[in-house]
Amino acid sequence: MSTHQDDIQHIVEFVNRTRVGMLGTREPTGKLVSRPMTVVDVAPGEDLDFFTSRDTSAVRDVRANDAVNVAFVGDHEWVSISGAAEVVEDPAVIEGLWSDALRAYYPDGPSTPGLVVLRVRTETAEHWRGPGTVATALRWAKARATGEQIDPGESTVVDL
């Protein structure tokens with residue numbers, strides 16, 4: 001049986017391996033929207049940090065409503081992280097999180113005009129594991145043949 005710390009460590013490793021999450025925000029009109037964002041490496045107990053430009057819809061949405069969700073999808077595994085986001089414009093934070101891999105998006109480096117960090121202060125994560133495509137197909141076929149309900153796999157909620 002896994003411990004709370006084991007669950008957190010697994011989620012952190014999954015996020016770092018997956019890298020791209022769908023950041024969900026609420027527009028000022030109330031409409032929910034999601035967009036792909038690449039996370040900066042994260043460690044247990046740390047926030048999720050994303051580089052973006054000050055004039056993006058994600059920043060506008062977070063300034064109006066800080067409740068966000070970030071969903072990561074892997075091979076037969078999913079993580080949904082909820083939290084509150086903030087826009088960080090501190091040059092020292094931007095410099096500290098900077099990686100040269102980001103230069104493809106921000107050629108002027110950490111001094112790119114309008115560059116900000118969207119920081120998600122994580123609150124909870126929900127983690128699902130499925131058995132895989134072939135196993136799921138077999139479970140589905142068995143459920144259809146027997147009339148039993150299919151087992152969707154494991155789900156765990158973790159307070160972060």
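Leu-48 stands opposite Val-120 of strand E6, and this pairing is a handy way into the fold. The model is a predicted one, in which local features need pLDDT of at least 70 and side-chain atom pairs count only at pLDDT 80 or more, while totals for chains, interfaces and linings use all residues. Residues are numbered from 1 along each chain as its sequence is written, and side-chain values use heavy atoms, with hydrogens and water left out.

Strand E3 covers residues 48–53 and strand E6 residues 115–129; the two run antiparallel and are joined by six bridges. Strands are taken as paired if DSSP finds at least two bridges between them. Helices (H or I, at least four residues) and strands (E, at least two) are themselves DSSP runs, numbered from the N terminus. Five of the six residues of E3 are buried, so the strand is largely enclosed by the rest of the structure. Buried here means under 20% relative accessible area, exposed means over 50%, and partly exposed is what falls in between (1.4 Å probe, protein chains only).

Stepping back to the whole protein chain, there are four helices and seven strands, and along the sequence they come in the pattern α-β-β-β-α-β-β-α-β-α-β. The chain has 160 residues, of which 36% count as buried. Contacts (heavy atoms within 4.5 Å) often reach far along the sequence: among those between residues at least 6 apart, 67% join residues at least 24 apart. About 9,400 Å² of the chain is exposed, with carbon and sulfur atoms supplying 52% of that area. Accessible areas come from the Shrake-Rupley method with a 1.4 Å probe, and for residues only the protein chains shown count as cover.

Helix H2 (residues 57–64) has Ala-58, Val-59, Asp-61 and Val-62 as its buried residues. They cover an arc of only 165° around the axis, which puts them on the same side of H2; the arc is that of the directions from the helix axis to the C-beta atoms. An α-helix has 3.6 residues a turn, so residues three or four places apart point the same way. The buried residues of H2 pack against strands E1 (20–26), E2 (32–38), E3, E4, E5 (77–88) and E6.

Val-62 gives a closer look at this packing. Its place is in H2, and with a relative accessible area of 5% Val-62 is buried. Leaving aside neighbours within four places in sequence, Val-62 is in contact with Thr-25, Val-68, Ala-85, Glu-86, Val-87 and Leu-118. Val-87 sits 25 residues away along the chain, yet the C-alpha atoms of the pair are separated by 7.5 Å. Asp-61, also in the buried set of H2, has 0% relative accessibility. Asp-61 forms a salt bridge with Arg-60, the closest N and O atoms being 3.6 Å apart, and Arg-60 is partly exposed at 44%.

Salt bridges come up elsewhere too. With a salt bridge taken as a side-chain nitrogen of Lys or Arg within 4 Å of a carboxyl oxygen of Asp or Glu, the count comes to 12. One of them joins the side chains of Arg-119 and Asp-47 (3.8 Å, N to O). Arg-119 lies in E6 and Asp-47 in the loop between E2 and E3, so the pair ties together parts that are 72 residues apart in sequence. Arg-119 counts as buried, at 16% relative accessibility. Both residues belong to a network of salt bridges that also links Asp-49, Glu-86 and Arg-121. Another salt bridge brings together the side chains of Asp-100 and Arg-103 (3.2 Å, N to O); Asp-100 is exposed at 55%, whereas Arg-103 is partly exposed at 37%.

On the surface, Val-73, Trp-78 and Trp-128 form a nonpolar patch with about 290 Å² of accessible area together. Patches are made of residues with over 30% relative accessible area and no salt bridge, like charges being joined within 9 Å and nonpolar side chains (Val, Leu, Ile, Met, Phe, Trp, Tyr) within 5 Å. Val-73 lies in strand E4 (residues 67–74) and is exposed, with a relative accessible area of 53%. Pro-113 is exposed as well, at 67% relative accessibility, and is found in the loop between helix H3 (91–97) and E6. The C-alpha atoms of Pro-113 and Arg-54 are separated by 8.8 Å, although the two residues are 59 apart along the chain.
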